[in-house]
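Visitor: I have a model on the screen and some bench questions. Can you walk me through it?

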Amino acid sequence: MKNNDLQLTQADQLGALLAEIAILDEKAEAIKKAMRDVGGVHEGVLFRSTVVESNRATTDWKALCKAQNIGADIIATHTKVTAVYSVKTTSK
């Protein structure tokens with residue numbers, strides 16, 4: 001059986017695309033890391049990349065609720081549940 005004889009399904013197509021994207025993401029991350037190490041503006045023929053540094057603050061809600069003695073029942077009444085759909089694709 002030749003590779004051309006295979007009837008690829010949407011799952012096969014998605015898996016192949018995700019594999020290609022993973023390779024491209026790895027290459028892009030390596031370039032971004034090199035740019036971050038240098039900093040500043042990087043001029044190309046077609047594109048300009050600017051390294052921007054910022055600080056992000058996050059709240060440890062679990063620790064905060066524990067410190068304030070906020071119980072699970074109170075948390076549940078202020079929690080919104082939303083359906084989330086995802087497609088998991090793995091190789092065989």
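**Salt bridges, helix and pocket**

Guide: This is a predicted model. A search of the whole structure finds 3 salt bridges.

Visitor: Which residue does K32 meet in a salt bridge, and how are the two placed in helix α1?
Guide: K32 and its partner sit 3 residues apart in helix α1, so about one helical turn separates them. An α-helix has 3.6 residues a turn, so residues three or four places apart point the same way. The N to O distance is 3.5 Å, and the partner is E29.

Visitor: Is E29 buried, partly exposed or exposed?
Guide: Exposed requires over 50% relative accessible area, and buried under 20%. E29 has 41% relative accessibility, so it counts as partly exposed.

Visitor: What is the N to O distance in the salt bridge of D37 and K33?
Guide: Both residues belong to helix α1 and are 4 residues apart, so about one helical turn lies between them. D37 is exposed, at 58% relative accessibility. K33 is partly exposed, with a relative accessible area of 45%. Their side chains meet at 3.0 Å.

Visitor: Which residue meets R48 in a salt bridge?
Guide: R48 is exposed, and its partner is exposed too. The N to O distance is 2.6 Å, and the partner is E43.

Visitor: How far is S86 from R48 in space?
Guide: S86 lies in the segment after α3. At 55% relative accessibility, S86 counts as exposed. In sequence, S86 and R48 are 38 residues apart; C-alpha to C-alpha, they are 34 Å apart.

Visitor: Which residue caps the N-terminal end of α1?
Guide: Helix α1 covers residues 10-38 and reaches 42 Å from its first C-alpha to its last. At its N-terminal end, a side-chain oxygen lies 3.3 Å from the backbone nitrogen of A11, and the capping residue is T9.

Visitor: What phi does G39 take?
Guide: G39 comes just after α1. Its phi is positive, about 80 degrees.

Visitor: Which residue other than glycine has a positive phi near 55 degrees?
Guide: Look in the loop between α2 (61-67) and α3 (72-77). The residue there is exposed, at 70% relative accessibility. The name is N69.

Visitor: How many charged residues line the largest pocket?
Guide: The pocket has a volume of about 170 Å³. Its lining includes D12, K88 and K92, along with A11 and A16. By class, the lining has 2 nonpolar and 4 polar residues, and the charged residues number 3.

Key:
Residues numbered from 1 in each chain as written. Heavy atoms only, no water. 1 Å grid on protein atoms, 1.4 Å probe; cavity = no way out; pocket = protein on both sides within 12 Å on 5 of 7 lines; lining within 4 Å. Points joined across faces, edges and corners; volume = space filled by probe spheres on them. Nonpolar A, V, L, I, M, F, W, Y, C, P; charged D, E, K, R; others polar. Expected span 1.5 Å × (residues − 1). Polar contact = N/O pair within 3.5 Å; in protein donor to acceptor, adjacent residues only side chain to side chain. Buried < 20%, exposed > 50% of the residue type's maximum accessible area, 1.4 Å probe, protein only. Salt bridge = Lys/Arg side-chain N within 4 Å of Asp/Glu carboxyl O.
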